[in-house]
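Let's take a walk through a protein structure together, one neighbourhood at a time. Keep the 3D view open and find each residue as we come to it.

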Amino acid sequence: MINFARYKKNWNIYTGFSIVPDTNLNYATGRREECINTMFGVLCRELDDKSTGVGIQYNVGGDYYIKLTDHFGLKTSLSFNALDFSNSTFDDYMLYMAAGPRYIFDGLGEISIQPFTQLRWYGGKYYNTVPGVRADIDLDLTKRIHLSFGGSYSKDVYHNDNLDNILRGDEYTIYIQPRYYINNKSFAFVGLSYTTNTAKLKSYGSNSIDYSLGYFAELPLTLTIFTRLDLIQTKYKDSQFFIMDNYTVNKFTRKDIGYRAYLRLSSRYLEYKRLYPSISYTYTKRDSNAPAYEFDKHRFQIEMNYRF
């Protein structure tokens, strides 16, 4: 039996507008200065303060499914996301385009393969182009258990020659995410993903593992809550020199541990003509054996979304 929900759905459009306060736009450590011991004494330089600001984010995107048979077709995706701040140094625009085959299994799920291209502009300048391909498999194993897994390959190409000579490289990602439906209004999931990056300058290449845990529920008065926790371990592929807190310079391989907590609240009770508000909060913290790369930040989003 064909999964008719998947079979009948041939398009999806989404759009939104958000006000985005952020406490650390430049990912600064919060330290006032960085110092080293020299034969002339201690030499210090001032570090950037945390840049705070309120941004405006707007996005629009969608998917369209071209059906060739009852089971097989093409999935095309297009999205544009923009984040503007009064200080254009932190403006961030992203355009994503993808198209590829999609196959629906009888009563089980689907698989799609999409070559894609992502273009990014940062601080008012063209930043990079990321062509690649991704494969995603979604399976309904039982009435309560859903499994998503897949992977992607991409190549990072930077517009700035200096950045390109350091960061240009290939990136490979694989992921798996089982989901358990507690009832028809709530589910929980766990996730695991692995990413390896082969930057041209080896000390900037890295291997990362992301462990995630999430929960969604619709509460009374149609209030919905979605929360997700991530723990990200990253190890770089070669050593480099770092300035330490004790004013020494050491050479070693950088290792980071990242923490991210996300919470989003919305309610269909407040929906008006398919326009509905939501509010979200993200806390991000990174610890590192290289002090210059530690930071923490808080970001809120007050959103207005349109439901098509």
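Look for Arg-179, whose charged end sits over the ring of Phe-187, 4.4 Å from the ring's centre. Keep in mind as you explore that this is a predicted model. Phe-187 is buried, because its relative accessible area of 14% falls under the 20% cut-off. A second arginine is placed in a similar way: Arg-102 lies over the face of Tyr-65, 4.0 Å from the centre of that ring.

Now turn to rings that meet other rings. The structure holds 15 aromatic pairs. One of them brings together Tyr-127 and Tyr-158 in an edge-to-face arrangement, with 5.4 Å between the centres and 90° between the planes. These two tyrosines link distant parts of the chain, since Tyr-127 belongs to strand S8 and Tyr-158 to strand S9 (residues 145–158), 31 residues apart. Tyr-127 is partly exposed at 24% relative accessible area, whereas Tyr-158 counts as buried at 12%. Another pair is formed by Tyr-181 and Phe-187: their ring centres are 5.5 Å apart and their planes stand at 55°, so this pair is tilted. Tyr-181 is partly exposed, with a relative accessible area of 28%. Tyr-127 and Tyr-158 also join Tyr-122 in one aromatic cluster.

From Tyr-122 we can step over to Phe-90, which touches it along with Leu-25, Asn-26, Ser-51, Leu-83 and Phe-85, leaving aside residues up to four places away in sequence. Phe-90 is also a member of the largest nonpolar core, a set of five residues completed by Val-20, Leu-25, Leu-83 and Phe-85. Why might such residues gather? In soluble globular proteins, nonpolar side chains tend to be buried together.

Strand S8 (residues 125–140) has something else to show: Asp-136. Is this residue buried or exposed? Asp-136 counts as buried, because its relative accessibility is 13%. Its side chain has a polar partner, as a contact of 2.7 Å joins it to the side chain of Tyr-175. Beyond the closest stretch of sequence, up to four places away, Asp-136 touches Tyr-175 and also Glu-110, Ile-111, Ser-112, Phe-149 and Gly-150.

Our last stop is a covalent link. The structure holds one disulfide, which joins Cys-35 to Cys-44 with an S to S distance of 2.0 Å. The torsion about this S-S bond is about 110°, so the disulfide is right-handed. Cys-35 counts as buried at 5% relative accessibility, while Cys-44, at 41%, counts as partly exposed.

Methods
Residues numbered from 1 in each chain as written. Predicted model: local features only at pLDDT ≥ 70, side-chain atom pairs only at ≥ 80, totals over all residues. Heavy atoms only, no water. Helix = DSSP H or I, 4+ residues; strand = E, 2+ residues; numbered from the N terminus. Buried < 20%, exposed > 50% of the residue type's maximum accessible area, 1.4 Å probe, protein only. Polar contact = N/O pair within 3.5 Å; in protein donor to acceptor, adjacent residues only side chain to side chain. Contact = heavy atoms within 4.5 Å. Core = buried A, V, L, I, M, F, W, Y, C linked by side-chain atoms within 4.5 Å. Disulfide = S-S within 2.5 Å. Phe/Tyr/Trp six-rings, centres within 6.5 Å; stacked < 30°, edge-to-face > 60°. Lys NZ or Arg CZ within 6 Å of the ring centre and 35° of its normal.
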